[in-house]
Amino acid sequence: MNSESKKYGDTFHQANRQSFFSKKFLKDNILTGHFYLVVYLILGAFCFFNFSACRPNSGREEIIVAGSTSIQPFTDEWAELFMEKDAKVVINVQGGGSSAGIMAVKEKTADIGLSSRELKQDEKDLMEITVAYDGLAIIVHPSNSVNNLSIEQVRSIFAGEITNWKILNSTDKTITVVVREEGSGTRGAFQEMVMGQRRISKKAIVEDSNGVVREIVSRDENSIGFISLGLVNDRVKAIALEGVRPSEEAIVKGEYGLRRPFLFLVLEEPRGLLKEFIDFVLSDEIQSRLPQEGLIPVKKIPADTGFERREE
Amino acid sequence: MARPKANDRLIRISLLVVALSAISILAIITIFIFEQGLPIMAKYGLKNFLLGQDWFPSEKSFGLLPMIVGSLLVTLGALLIGVPLGLASAIFLTEFSTRRVSRILKPVIELLSGIPSVVYGFLGLMFLVPFIRETFGGPGLSVLSASIILGIMILPTIISISIDSIRAVPDSYREGSMALGATKWQTVRMVVLPAARSGLVAGIILGMGRAIGETMAVIMVAGNAADLPGSLLAPVRTLTSNIALEMAYASGEHRQALFATGVILFVIIMILNFLANLTARKQSRK
Amino acid sequence: MKKHFRLKPRAEQKVIQILLYMMTSVAILVLIFILAVILKNGLPQLSLEFLTTNPAHMGREGGIFSTIVTTIYLTFIALLVATPLGVGTAIYLTEYTSERVVTRIIRFGAECLAGIPSIIFGLFGFILFVNKLKFGWSILSGGLTLAFMVLPTIIRTSEEAIKSVPAAYRLASYSLGSTRWQTVTKVVLPSAAPGIATGVVLSIGRSIGETAAVIFTAGSALHLPSSIFSSGRTMSVHFYILAREGISMPKAYGTAAVLVIAILMINIITYYLMGKYISRTSPE
């Protein structure tokens with residue numbers, strides 16, 4: 001009420017001000033009237049241009065890759081190398097997760113899906129190309145005195161039955177278990193290869209990428225987790241399982257059992273640019289670099305040996 | 001210009017269409033989230049979702065109780081930290097400090113309200129989590145860290161809204177009370193705060209909404225274990241982080257269950273909105 | 001009244017005052033600490049090179065150029081969609097209707113929308129734009145999702161700005177024979193412009209800082225986006241990934257500093273606009 005009467009009281013004052021500004025107002029109003037129209041026309045033209053240039057399968061030089069965050073970093077490197085060779089090509093690599101990658105390929109939002117888990121029954125209509133094998137490393141903080149665990153011990157730790165490092169002849173500290181989230185390929189592989197029918201403890205800390213698990217383990221002296229062997233660095237320590245240290249050699253020989261395939265998924269037999277990129281990844285040039293990155297080249301592992309996955 | 005009347009009607013109608021955008025968007029969002037989330041809730045039973053304690057999507061077990069409790073616990077913790085500090089700061093800056101101090105500090109606090117939540121989460125991860133791990137034990141990623149980070153995050157919101165509503169109390173109230181011989185604090189406690197009450201409550205509810213809806217900052221510091229937290233130092237997972245953590249890899253029923261998580265979050269937020277509206281309306285009636 | 005355990009009013013006031021002082025100091029010091037840490041660790045990372053080169057090796061090396069471009073792109077699209085919707089709604093609510101039911105429904109929609117957490121917007125954008133409309137993870141999907149998210153802010157600030165335009169302006173305009181629309185575009189909107197701009201600028205800040213809604217809709221590809229249909233990683237998402245996965249702490253701090261400085265600048269602009277707007281609408 002108060003302010004209302006105040007407003008009317010100032011009518012004269014305001015009216016004066018308005019006329020004073022009226023020229024400026026006129027200019028403003030031209031802007032407000034047509035500004036959006038102009039902007040929209042520009043945007044419209046722009047969208048149209050983009051549409052014709054960039055929708056899938058219209059002769060563009062772009063490959064969209066999406067999926068597993070475990071494979072993403074490696075694919076990024078491969079893509080960079082590929083793009084160095086052919087500057088016209090753009091390869092967009094993004095995470096999103098194995099399932100999102102699978103779905104993206106099916107729905108044609110991506111050309112290549114990355115999966116670090118094998119396909120489920122209803123996903124089998126996609127074409128799988130194994131581009132590398134990856135070991136799964138059990139990691140602890142570098143200061144941890146534990147160097148070797150049996151599969152049974154690892155199982156008990158992750159099931160929440162062994163909760164103190166003391167039992168494993170280390171310091172008297174509660175174990176912090178760090179795992180990946182439900183649905184992740186890494187967790188799926190760990191569940192099947194190590195846990196079997198046992199559940200991973202509900203009390204475990206859950207993070208959504210290998211990088212985060214590594215980061216947490218590298219900061220917490222009492223923690224234990226599992227990540228891709230390729231991502232192990234000097235800030236964490238990969239421990240031996242049943243006396244075998246995880247290495248390319250041990251995995252190739254079949255002594256270290258925790259491994260899984262890295263899959264490229266495509267809708268149909270790749271052609272053109274897509275084929276070039278996949279061939280490039282499978283070529284000796286890339287495959288011979290894999291061991292440096294902690295991965296195992298496809299050819300080193302005969303297709304039918306190694307770990308058999310249980311049907312879900 | 002030729003037919004201003006007809007033009008005006010056209011304009012009115014198109015503006016109405018535009019004006020209905022917000023409510024239509026709300027409707028679309030509701031429909032989409034419910035459409036994706038309800039079937040699975042119906043299939044496995046609402047009770048199993050709300051009261052089940054086991055979240056093992058691969059075994060078709062979708063208990064959301066730990067996350068519901070987690071969200072409420074972390075939000076409550078955030079309020080326990082944010083509200084006293086926020087109200088105290090607002091009272092101090094409006095009633096007990098010199099004009100110059102409040103004139104400098106209020107904008108500073110408001111500037112800080114725009115800092116992205118990921119920044120709060122990151123600093124929590126860098127400083128708070130190691131601190132809690134070393135002083136109190138446990139993994140550090142915990143209910144406590146999440147509460148503190150969220151409490152700090154909602155501080156600027158609570159402070160600036162509280163300052164506004166305390167300032168809106170007419171000076172005549174204060175003068176009247178002081179004239180009766182009340183001290184400044186008595187005036188604040190018995191006159192100013194009650195008069196500003198609904199504004200303060202609205203601010204707190206807004207902060208609460210922000211805390212319960214926050215995702216990224218919480219994921220970074222809460223540890224995300226899908227278990228009822230046994231202590232303040234145990235890791236916890238909220239409804240929001242349940243969605244963000246698992247969305248990427250989820251498929252089939254697992255994904256639907258995440259939408260069901262969204263449905264429950266949505267309902268909780270709507271209840272909060274309703275309460276906020278109620279208090280706001282009370283205030284405008286005054 | 002239990003008077004036995006009470007301090008004398010004067011003493012009580014002293015105690016309270018000290019307590020309030022301490023709590024205020026804690027609150028403000030914590031907030032300043034956050035700012036200080038980010039700027040102290042982040043500013044040394046900043047250089048023209050950091051701002052103008054693309055990230056390499058997942059962000060371990062290089063700068064953040066592509067993420068800045070993506071952020072600007074995304075924000076631009078969000079505002080392009082949200083501003084006309086928001087301002088239009090505000091005009092309708094303030095100038096074209098006094099009908100209670102319709103207004104109430106519209107306000108209710110805006111208020112509820114304002115309260116929805118960003119992760120829900122993310123889920124929704126993922127289903128609608130990314131999957132159903134097949135925009136894929138793209139700038140467009142992200143921008144539209146953000147537009148929906150900031151719409152309530154723009155509606156509310158515009159409405160307040162338009163409401164505070166003195167009635168006398170409108171009366172003067174009508175008395176000159178202008179139509180309603182002419183009055184709105186020539187008189188009301190120009191005088192409400194700073195207020196509307198405040199809302200727009202606030203929304204820019206919110207878009208820049210958003211992570212949860214963006215990561216599910218715009219994706220996280222690090223390349224420079226080539227069109228609105230390509231996926232991109234905004235600064236916030238980049239920062240989130242860098243910091244969380246421990247890819248590079250210096251780069252993370254650098255990105256955070258750019259983010260925080262951008263947001264502070266935006267808030268300062270808001271402040272300036274608001275000051276201007278207040279001085280225009282409330283003559284003293």
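**View 1. A:Lys300 pairs with A:Glu248 within chain A of this predicted model.** Let's start with A:Lys300, which counts as partly exposed, with a relative accessibility of 43%. Its partner A:Glu248 is also partly exposed, at 24%. The two side chains meet in a salt bridge, with N and O 3.1 Å apart. A:Lys300 sits in the segment after strand E12 (295–296) of chain A, while A:Glu248 belongs to helix H8 (residues 248–253) of chain A, so the pair ties together parts that are 52 residues apart in sequence. Here is the general idea to keep in mind: side chains of opposite charge can pair when their charged atoms come close.

**View 2. A:Lys202 and B:Asp54 form a salt bridge.** Here the N to O distance is 2.9 Å. Look for A:Lys202 in the loop between helix H6 (185–195) and strand E7 (205–207) of chain A, and for B:Asp54 in the loop between helix H3 (46–51) and strand E1 (55–56) of chain B; the pair therefore joins two chains. A:Lys202 has a relative accessibility of 24% and counts as partly exposed. B:Asp54, at 28%, counts as partly exposed too. These two residues have company: a network of salt bridges links A:Arg199, A:Lys202, A:Lys203, B:Asp54, B:Glu59 and B:Asp227. Over all chains, the structure holds 33 salt bridges.

**View 3. Helix H8 of chain B holds both B:Arg174 and B:Asp171.** The helix covers residues 171–179, and the two residues are three apart, about one turn of the helix. They form a salt bridge whose closest N and O atoms are 2.9 Å apart. Is each partner buried or exposed, or something in between? B:Arg174 counts as buried, at 13% relative accessibility, whereas B:Asp171 counts as partly exposed, at 49%.

**View 4. Helix H6 of chain B has a kink.** Follow this helix through residues 117–136 and you will find a kink of about 40°, centred on B:Leu125. H6(B) is mostly covered, with 14 of its 20 residues buried. Just after the helix comes B:Gly137, which takes a positive phi of about 85°.

**View 5. B:Gly82 is a buried residue in helix H4 of chain B.** The helix spans residues 65–96, and B:Gly82 has a relative accessibility of 0%. Which residues does B:Gly82 contact, leaving aside its neighbours within four places in sequence? They are B:Gly151, B:Leu155 and B:Ile158. For a sense of distance, try B:Ile104: it is 22 residues from B:Gly82 along the chain, and their C-alpha atoms are separated by 21 Å.

**View 6. A nonpolar patch lies on the surface of chain B.** The patch is formed by B:Val267, B:Ile271, B:Phe274, B:Leu275 and B:Leu278, which together have about 450 Å² of accessible area. One of these residues, B:Ile271, lies in helix H12 (residues 252–285) of chain B.

**View 7. Chain C and chain B meet in a contact with zero salt bridges.** How many residues take part from each chain? Chain C gives 77 residues and chain B gives 76 residues. About 7,000 Å² of area is buried between chain C and chain B, and carbon and sulfur atoms give 80% of it. The salt bridge count between chain C and chain B is zero.

Key. Residues numbered from 1 in each chain as written. Chains lettered and ligands numbered in written order. Predicted model: local features only at pLDDT ≥ 70, side-chain atom pairs only at ≥ 80, totals over all residues. Heavy atoms only, no water. Bend = angle between axes of the 7 residues up to and from the residue. Helix = DSSP H or I, 4+ residues; strand = E, 2+ residues; numbered from the N terminus. Buried < 20%, exposed > 50% of the residue type's maximum accessible area, 1.4 Å probe, protein only. Salt bridge = Lys/Arg side-chain N within 4 Å of Asp/Glu carboxyl O. Patch = residues over 30% accessible without salt bridge, like charges linked within 9 Å, V, L, I, M, F, W, Y side chains within 5 Å. Areas by Shrake-Rupley, 256 points an atom, 1.4 Å probe, with all protein chains shown as cover. Contact = heavy atoms within 4.5 Å. Buried area = accessible area lost by both parts, 1.4 Å probe.
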